[in-house]
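Please look over the sequence and the structure shown below before reading on. The report that follows treats strand pairing and then the surroundings of one side chain.

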Amino acid sequence: QVQLVESGGGLVQAGGSLRLSCAASGSIFSFNGMGWYRQAPGKQREVVAVKASGGRINYADSVKGRVTISGDNAKNTMYLQMESLQPEDTAVYYCRALLVLAANGPSYSYWGQGTQVTVSS
């Protein structure tokens, strides 16, 4: 069974950095798009960064210049490097991936379980 397992969240002081990881377990053929989302208490889930299968990347204006989305196909893992974190970045962060499970097969959407990021002032 395919799952996305997140790690790397935690407590950091304002101005600090974190790298979130999201590893796909199980048998997959390839990533066909990936994204990171976050949900702060009392707010709706929002996009942080998305990377399309063709490589195009979009970042939310609130994080542009401070975060980088990337992936390592050999490790079936995607990352979100976050710099200059601020208290308003505090949220549960979720990864999402469109995974192709077999050659020439369709893509399926999977979500990670979420990891808490807390930024103290």
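In what order do the four strands of the open sheet lie? In this predicted model, the order is β1-β3-β8-β7, and the pairing within this open sheet is antiparallel. The edges are formed by β1 (3-7) and β7, each of which pairs on one side only. On average, and with direction ignored, neighbouring strands of this sheet are turned by 15° against each other.

Strands of a sheet pair through backbone hydrogen bonds, in either a parallel or an antiparallel sense. Both senses occur among the pairs listed here, each with one pair of residues that stand opposite each other.

| Strand pair | Sense | Bridges | Residues opposite each other |
|---|---|---|---|
| β1 and β3 (residues 18-25) | antiparallel | five bridges | glutamate 6 and cysteine 22 |
| β2 (residues 10-13) and β11 | parallel | four bridges | leucine 11 and threonine 118 |
| β9 (residues 91-100) and β11 | antiparallel | three bridges | alanine 91 and valine 117 |

Strand β11 (residues 115-120) thus joins β2 in the parallel sense and β9 in the antiparallel sense. Its covered face carries Thr115, Val117 and Val119, whereas Gln116, Thr118 and Ser120 lie on the uncovered one. Valine 117, on the covered face, is the residue opposite alanine 91, while threonine 118, on the uncovered face, is the bridge partner of leucine 11.

Arginine 66 lies in the loop between β6 (57-59) and β7 (67-72), and its side chain reaches the backbone oxygen of serine 62 at 2.9 Å. When neighbours within four places in sequence are left aside, arginine 66 is in contact with Gln81, Met82, Glu83, Ser84, Leu85, Gln86 and Asp89.

Technical notes: Residues are numbered from 1 along each chain as its sequence is written. This is a predicted model: local features need pLDDT of at least 70, side-chain atom pairs count only at pLDDT 80 or more; totals for chains, interfaces and linings use all residues. Side-chain values use heavy atoms; hydrogens and water are left out. Helices (H or I, at least four residues) and strands (E, at least two) are DSSP runs, numbered from the N terminus. A polar contact is a pair of N or O atoms within 3.5 Å; within protein, one must be able to donate a hydrogen and the other to accept it, and residues adjacent in sequence count only if both atoms are side-chain atoms. Contact means heavy atoms within 4.5 Å. Two strands pair if DSSP finds at least two bridges between them. Axes are lines fitted to C-alpha atoms, for helices over the stretch in contact, and angles run from 0 to 180 degrees between N-to-C directions. Buried means under 20% relative accessible area, exposed over 50%, partly exposed in between (1.4 Å probe, protein chains only).
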